[in-house]
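This report goes through one protein model, from a local site to the chain as a whole. The sequence and structure are shown first.

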Amino acid sequence: MSEEEQKQRKKRKKKKQLTTLENQKAESELLPRLVDALDELEKEKKYVDVQVCPKCKSPLVQRAGSMAGDMSAHLGFTPPKYECRECGWRERTVLKATNKPTTIREVVIMAEAKDTDIERKRKKKN
Ligand SMILES: [Zn+2]
């Protein structure tokens, strides 16, 4: 293989990695619409809580409906689980976007702070 060929291969590899990173950063397309909707409601002095996914901030979060999950929740072993229909995220806790005292922007910042916290704890363990 010539030197020129090797250089071109390296370039191509780098480009591919960059596109993957951009995809991972993507947030829910519904987030700006949710922010707008909350702003509108605030103007009408209607205050609501909306459940949002801590990962992609999508409002399409629902209670996970598996039989096993429901059963243990009824027995009081585990709290109900939530799942995101957009990114597939599953957790026992769910973020709440609200236009009450905190704005959705603050909720998003809080979610990002929480992520960093989890990341820090993980590093400590290893
Ligand atoms: Zn999500």
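## Metal site, sheet and salt bridges

Cys87 has a relative accessible area of 32%, so this residue is partly exposed. The model is a predicted one. Cys84, by contrast, has a relative accessibility of 4% and counts as buried, because the cut-off for buried is under 20%.

Both cysteines belong to the zinc site. The zinc ion is bound through the SG atoms of Cys53, Cys56, Cys84 and Cys87, at 2.3 to 2.4 Å. Angles among the four donor atoms run from 108 to 111°, and the site is tetrahedral. For comparison, the ideal angle for four tetrahedral donors is 109.5 degrees. Along the chain, the donors of the zinc ion are spaced as C-x2-C-x27-C-x2-C.

Cys84 also lies within strand β3, which covers residues 82-84. The sheet concerned is open, has three strands in the order β2-β3-β4, and is paired antiparallel. Its edge strands are β2 (61-63) and β4 (90-91), each of which pairs on one side only. Between β3 and β4 the antiparallel pairing extends over two bridges. Tyr82 is placed opposite Glu91 of β4.

The structure has three salt bridges. As a general point, side chains of opposite charge can pair when their charged atoms come close. The table lists the pairs.

| Residue pair | N to O distance |
|---|---|
| Lys43 and Glu40 | 3.2 Å |
| Glu44 and Lys46 | 3.1 Å |
| Arg90 and Glu83 | 2.9 Å |

Lys43 and Glu40 both sit in helix α2 (residues 30-43); they are three residues apart, so about one helical turn separates them. Lys43 is exposed at 63% relative accessibility, while Glu40 is partly exposed at 40%. In the pair of Glu44 and Lys46, Glu44 is partly exposed with a relative accessible area of 46%, and Lys46 is partly exposed at 45%. Arg90, which forms a salt bridge with Glu83, is partly exposed with a relative accessible area of 42%.

On the level of the whole chain, the protein contains four helices and five strands. Their order along the sequence is α-α-β-β-α-β-β-β-α. Of the 126 residues, 22% are buried. Among contacts with a separation of 6 or more, 57% are between residues 24 or more positions apart. The accessible surface is about 10400 Å², and carbon and sulfur atoms account for 53% of this surface.

Definitions and conventions:
Residues are numbered from 1 along each chain as its sequence is written. This is a predicted model: local features need pLDDT of at least 70, side-chain atom pairs count only at pLDDT 80 or more; totals for chains, interfaces and linings use all residues. Side-chain values use heavy atoms; hydrogens and water are left out. Donors are N, O and S atoms within 2.8 Å of the metal (3.2 Å for Na, K and Ca); water is not among the atoms, so sites may look incomplete. Four donors count as tetrahedral if all angles lie between 85 and 135 degrees; four count as square planar and six as octahedral if opposite donors are over 155 degrees apart and all others between 65 and 115; anything else is irregular. Buried means under 20% relative accessible area, exposed over 50%, partly exposed in between (1.4 Å probe, protein chains only). Contact means heavy atoms within 4.5 Å. Accessible areas come from the Shrake-Rupley method with a 1.4 Å probe; for residues, only the protein chains shown count as cover. Two strands pair if DSSP finds at least two bridges between them. A salt bridge is a side-chain nitrogen of Lys or Arg within 4 Å of a carboxyl oxygen of Asp or Glu.
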